[in-house]
Amino acid sequence: MDSKVRLNVDLHCHSTVSDGVLSPAEVARRAAGNGVNIWSLTDHDEVGGQAEARQVAESLGMTYIPGIEISVTWAEHTLHIVGLGIDPDNEEMNAGLDRIRTDRVSRAHEMSGKLETFGIKDAFQGALRYADNPNLLSRTHFARYIVEAGYCKTMQEVFDKYLADGKPGYVAGDWASLEEALGWIKSAGGIAVIAHPGRYKYSRSEFITLFKTFKLMGGRGIEVVTGSHTVDQYHQYAHVARQYGFLASCGSDFHSPQESPMDLGKLPPLPSGLQPVWEAIL
Ligand code: AMP
Ligand code: MN
Ligand code: MN
Ligand code: MN
């Protein structure tokens with residue numbers, strides 16, 4: 001490739017294997033169609049789409065990096081850790097992910113019960129109709145059902161009224177600890193990356209503790225440019241990356257052509273002076 005041509009890298013997105021609406025092959029085709037050169041599919045807590053993603057990506061000339069987005073509980077809130085360059089067949093990681101997925105089913109029943117008290121009927125069965133993978137029921141599937149059934153106008157309204165952390169339909173997941181998630185990623189030979197740090201409601205001192213703890217436990221990367229960040233946050237987290245010596249990642253967090261604010265391959269370049277995470281993997 002001409003070194004003057006910027007690489008188009010997208011290392012965070014979802015398929016029907018978790019809470020996206022396109023199959024792994026369709027996501028791969030959309031990424032390639034939008035000019036992505038280096039791509040990773042990072043479904044929540046599930047690697048079932050990795051073989052298809054790699055096969056289609058490589059057939060379309062993209063460089064593929066196997067990925068995962070692991071749900072973690074840290075300081076009483078959910079934190080997402082992306083693992084890049086993992087071996088999808090690693091047994092230790094898969095045993096851990098299996099435990100998280102099992103808990104998702106009972107959590108979904110509990111969420112459905114809470115939603116019932118607000119007059120939202122049959123939410124478990126409703127959400128299940130939107131989930132291609134019944135073992136990976138997420139709040140996104142509930143939100144799609146609640147909008148389609150006419151209880152709310154938009155998915156944002158569903159989260160604001162019922163499903164966001166602290167709202168009355170929210171049920172915290174029984175996720176991995178940070179130590180477990182980093183252990184699984186390490187065992188699978190991957191690099192751990194803090195996903196969309198700008199989305200968490202941690203205090204300033206909690207963020208500092210998180211970055212220090214993550215680094216001490218072997219975490220190496222942080223998402224700087226993501227569909228979840230504002231332009232100001234690109235610069236804020238670029239500063240964090242330089243300060244802590246983190247590798248910088250970028251990814252759209254694409255879920256759906258209708259829902260996602262950022263399409264695959266449409267991200268601006270990383271701010272200057274950062275070490276791109278993909279250079280440590282490829
Ligand atoms: P869960 O893993 O079941 O807790 O669901 C988390 C998923 O819900 C995230 O990965 C997003 O896809 C989606 N989500 C969370 N907050 C919002 C929001 N405010 N608007 C739309 N989707 C959201
Ligand atoms: Mn999601
Ligand atoms: Mn996430
Ligand atoms: Mn995501």
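Donors here are N, O and S atoms within 2.8 Å of the metal, and since water is not among the atoms, sites may look incomplete. With that in hand, welcome to a predicted model in which the donors of the manganese ion (ligand 4) are spaced H-x1-H-x54-E-x183-D along the chain. The protein chain is divided into domain 1 (3-96 + 174-281) and domain 2 (101-163), and the metal sites make a good place to start.

**Manganese ion (ligand 4)**

- Four residues act as its protein donors, namely His12 (NE2), His14 (NE2), Glu69 (OE) and Asp253 (OD), at 2.1 to 2.2 Å from the ion.
- Two of these names, His12 and His14, belong to residues that are both buried.
- From the manganese ion (ligand 4) to the manganese ion (ligand 2) the separation is 4.6 Å.

**Manganese ion (ligand 2)**

- Asp19 (OD), His44 (NE2) and His255 (NE2) coordinate this ion, again with distances of 2.1 to 2.2 Å.
- Read along the chain, the donors of the manganese ion (ligand 2) give the spacing D-x24-H-x210-H.
- The manganese ion (ligand 2) lies 5.6 Å from the manganese ion (ligand 3).

**Manganese ion (ligand 3)**

- Its protein donors are Glu69 (OE), His80 (ND1) and His196 (NE2), found 2.1 to 2.2 Å away.
- The spacing of the donors of the manganese ion (ligand 3) is E-x10-H-x115-H.
- Glu69 is worth a second look, as it appears among the donors of the manganese ion (ligand 4) and also among those of the manganese ion (ligand 3).

**How the two domains meet**

- Taken over C-alpha atoms, the centres of domain 1 and domain 2 are 25 Å apart.
- The contact draws on 15 residues of domain 1 and 12 residues of domain 2.
- About 1,100 Å² of area is buried between domain 1 and domain 2, with carbon and sulfur atoms giving 42% of it.
- Asp19, Trp175 and Glu259 account for 37% of the area that domain 1 buries against domain 2, more than any other three residues.
- Asp19 therefore links two topics, being a donor of the manganese ion (ligand 2) as well as one of the three residues named for the buried area.

**Polar and charged contacts between the domains**

- Across the interface of domain 1 and domain 2 there are 3 salt bridges.
- Between domain 1 and domain 2, 10 residue pairs are in polar contact.
- On the side of domain 1 that touches domain 2, the residues comprise 3 nonpolar, 7 polar and 5 charged.
- A salt bridge also joins the side chains of Glu46 and Arg101, with 3.7 Å from N to O.

Technical notes
Residues numbered from 1 in each chain as written. Chains lettered and ligands numbered in written order. Predicted model: local features only at pLDDT ≥ 70, side-chain atom pairs only at ≥ 80, totals over all residues. Heavy atoms only, no water. Donors = N, O, S within 2.8 Å, 3.2 Å for Na, K, Ca; no water. Buried < 20%, exposed > 50% of the residue type's maximum accessible area, 1.4 Å probe, protein only. Domains from an automatic or database assignment. Contact = heavy atoms within 4.5 Å. Buried area = accessible area lost by both parts, 1.4 Å probe. Salt bridge = Lys/Arg side-chain N within 4 Å of Asp/Glu carboxyl O. Polar contact = N/O pair within 3.5 Å; in protein donor to acceptor, adjacent residues only side chain to side chain. Nonpolar A, V, L, I, M, F, W, Y, C, P; charged D, E, K, R; others polar.
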